[in-house]
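Let's look at a structure together, one question at a time. Take a moment to turn it around before reading on.

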Amino acid sequence: MSSKDPKAKIEVNNLDFFYGSVKALSEITLKIEEKEITALIGPSGCGKSTFLRCLNRMNDTIPGIRIEGDVLLDGVDIYRADLDPVDIRQRVGMVFQKPNPFPQSVYDNVAFGPRVLGLTRNRVDEAEIVERSLRQAALWDLIKDRLGVDALELSLGEQQRLCIARVLAVSPEVILMDEPTSALDPIATMEIENLMAELKEYYTIVVVTHNMQQAARVSEKTGLFWLGELVELDDTEKIFTRPKEERTEAYVTGRVG
Amino acid sequence: MSKRTRARYDQNYAAIEGDILKMGSLVQDAIRNSIESLKQRDTNMAQEVIDRDLRINELRFKIEEACMTLIATQQPAAGDLRAVVAAMNIVVDMERMADHASGIAKTVIRMGDEPLLKPLIDLPKMADIARDMLSDSLDAFINRDAAAAKAIAPRDVEMDVLYKAIFDELVEIMAHKPGSVERATYLLWCAHNLERIGDRAINIVERVIFMTTGDMRELTF
C-alpha cells in the first residue's frame, strides 16, 4: 500500500482484447492511482503497449479489434457509446517511443492541439498555453527565443519534451508514455525521468518501459505483463525487492530464457 | 521459469559464496584456537589468533567490494539483491566474531602465567556452540534454507544460559575471595566474547531468513 491515501484515476475490470481471433490481453484487472507513476514492464509482445493503448481508445483505429470488460476513467467507462474518443484522448494523452513532432515550428506544434480542440479564445490565450506547456516540459528556458524554428531542428531529447509539451497543452488528466526514452541517450533519458517526477504532481502517468531500472527509478507502482496477462502489480519497491509471484522474480532478476 | 540465464552473474555470486565459506572457516578456526590457547595457556597460539585476524579483515573487504561491484555492474533485484545484501551484512558479523575471538586471545596473553581461577568446563562448551551456530548459519545461507536458519535460534538460548551460569559463579567467587577479582574478570571477558559471538550468529540467521523470505525482523526467543 502506498503511504498516501490512494484514489483510482483509472480502473480496469476483466479486460479482454482481441486482434481478430487472437486474444492479446486476458482478464486484466487493475487500478491506476491518481497523481502517481505506474510503470508497466514485461517482455516484448506481452501486451503492455496494447494495454496502454486501451486506456485512451488508441486501438479503436485498428480494424478487427474487439474489447471486452471495462476501462473506467473517474468511474465512467471510456468505451461507452455516447463518448467521443477524441474527448477521451484529450483527457488521456499519449507520448510515443520516437519523438514525432509535426513538421512545423516549435510554437505551432504546441498550439496545434488547443487550436483544433477550440481551447483558446485568442492569440494571447494561445501564447499563454504554449508558454505554460513548454515550461512544464522544462523546455521554455531552452527554446523561448527559438519558438519559430522547425521542431525537427531540436535534439531528440528536446523533440521528446516538445511532444510532452504538446500533450500538456490540451490539459490532460492522464499521460500515457510508451517507451518514451528508448530512442534517447542517457542524459536526455534522465531529463525525461526528472520531468516525469515533476509532472506527477499534476498528472497521472502510466509508462511502458523495457528498461527495468527506469521503472524502478521513476514509478510508485510497477505491473508485470506476461503473455497477455497481468502477473502482478504492486509497489515498485516490493516488485524489485520481494515480489510475490515467481514469474515476477524471474523477470526482474533476468532469469527468463 | 527459473532457468539460469545470467551465467556471469551466477559465476560472480558463486565466487562471493566461496569467499564467505572461506572466511567462515577462518573465523571458526579463530574461535577454536582462542579457547584452545586459553585451555593450554599457550600465548603463542593466542598471538597467532590475533595475527590471523588481519587475513579475516582483508577477506571481509574483498567480499564487500565484490558485492558492490556486482550491484553496480549487474543490478541484481528481488531474491538476488536480498542475497547480495545478506552477504554484505554477514561478512560484517563474521569480522566482528573474529574480533571477539581476538579478544579472548588478548585476554590469554594478559593472563600470562597466572593460574586459572577454576577448571574450564562451560567456556569450551560455549565455544563449541558458537562454532556450530556459525557453521550451521552459513550452511543455511548457502542452501537458502530459512527453516534450517530458524532451527539455530534455540542454541543462542543455551549460550545465554551458560553465560549466566558462568557470570553468577564468578561473581560468587569474587564476593568471597576479593583477591580473585582480576583472574575472575579474565574469565568473565572470555565468556562475554563467546556470548557476543552467539548474538552475531543470530544476526546471520536473521539475514538468511530475510534473504529467503523477504521478511526482515529481529528474532525474539
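**Getting to know chain B**

Q: How many helices and strands are there in chain B?
A: This is a predicted model, and we can count the elements of chain B in it. From the N terminus on, they run α-α-α-α-α-α-α. That gives zero strands and seven helices.

Q: What average pLDDT does chain B have?
A: A pLDDT is the predictor's confidence in a residue, on a scale from 0 to 100. In chain B, 97% of the residues score at least 70. The average for chain B is 94.

Q: What share of the residues of chain B counts as buried?
A: Here a residue is buried if 20 or more other C-beta atoms lie within 10 Å of its own. Chain B has 221 residues to test, and its C-alpha trace spans about 65 × 35 × 20 Å along its principal axes. The share that counts as buried is 42%.

Q: Among contacts in chain B between residues at least 6 apart in sequence, what percentage joins residues at least 24 apart?
A: Start with the contacts in chain B whose partners are at least 6 apart in sequence. Then keep those that join residues at least 24 apart, and the result is 80%.

Q: Which element of chain A gives the most to the side that touches chain B?
A: Between the chains, 15 residues of chain A are in contact with 15 residues of chain B. On the chain A side, the elements that give two or more residues are α9 (236–241) and α10 (246–252). With five residues, the one that gives the most is α10(A).

Notes
Residues are numbered from 1 along each chain as its sequence is written. Chains are lettered from A and ligands numbered from 1 in the order in which they are written. This is a predicted model: local features need pLDDT of at least 70, side-chain atom pairs count only at pLDDT 80 or more; totals for chains, interfaces and linings use all residues. Helices (H or I, at least four residues) and strands (E, at least two) are DSSP runs, numbered from the N terminus. A residue is buried if 20 or more other C-beta atoms lie within 10 Å of its own, exposed if 12 or fewer, and partly exposed in between; C-beta atoms are placed from the backbone. Two residues are in contact if their C-beta atoms, placed from the backbone, lie within 7 Å.
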